[in-house]
Amino acid sequence: MQQVAKHIGKVNGIRPGAVSVVIESISACAACEAHSKCGFSESKEKQMEIETPLWNEYQEGDTVEVQINQGLGLMAVLWAYLLPAILLLASLMLTLLNGMGEGLSILIAFGVLLIYLIILYANRHRLQRRFSFQIEKI
């Protein structure tokens, strides 16, 4: 059974194919098991754009529930934080162990990180489809 993180928000904009929603962080976020992964607990208000084929069913001011699979939140943390850190440290250690100077090792490590970020950026649309939010009227 998939666990889903849910947040209540208000529609503040609509465009063909997408709905813009403002999520207000409430004190219940601290009790949520996923609060450390979803990013909503660190700010009072967060705006997001959610792609949906049913965009024309929403109006500004509607109260909606935004949902995402918690497993996808963990996957996002992996892609955004863990893999870059591992690549940076691994390339730094490998270059240092191969006798390269510290300055050159740092440049190579940052070069590897830059290549990773370029690849991530090039695949942003593919990732965006995978890490999609669902929206429901309340």
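This passage looks at strand β2, its two partner strands and the nonpolar core they help to build. The model is a predicted one.

Start with β2 itself, which runs over residues 18-24. This strand is mostly tucked away, with six of its seven residues buried. On one side comes β1, residues 4-15, which pairs with β2 in the antiparallel sense over six bridges. One contact to look up in the structure is K10, whose bridge partner in β2 is V22. The link between β1 and β2 is a hairpin with two residues between the strands. G17 sits in that turn and has a positive phi of about 95°.

β2 also pairs with β3, residues 45-51, again in the antiparallel sense, this time over seven bridges. Here V19 is a handy marker: its bridge partner in β3 is I50.

V19 and I50 turn up again in the largest nonpolar core, a group of ten residues. Joining them there are V11, V21, I23, M48, Y58, V64, V66 and I135. β2, β3 and β4 (63-69) each put in at least two residues of this core, and the largest share, three residues, comes from β2. V19, V21 and I23 are every second residue along the chain. As a rule, side chains in a regular strand alternate between the two faces of the sheet. Nonpolar side chains also tend to be buried together in soluble globular proteins.

That is not the end of the nonpolar packing, though. A second core, separate from the one above, holds five residues. Among them are A5, L72, L127 and F131.

Terms used:
Residues are numbered from 1 along each chain as its sequence is written. This is a predicted model: local features need pLDDT of at least 70, side-chain atom pairs count only at pLDDT 80 or more; totals for chains, interfaces and linings use all residues. Side-chain values use heavy atoms; hydrogens and water are left out. Buried means under 20% relative accessible area, exposed over 50%, partly exposed in between (1.4 Å probe, protein chains only). Helices (H or I, at least four residues) and strands (E, at least two) are DSSP runs, numbered from the N terminus. Two strands pair if DSSP finds at least two bridges between them. A nonpolar core is a set of buried Ala, Val, Leu, Ile, Met, Phe, Trp, Tyr and Cys residues joined through side-chain atoms within 4.5 Å.
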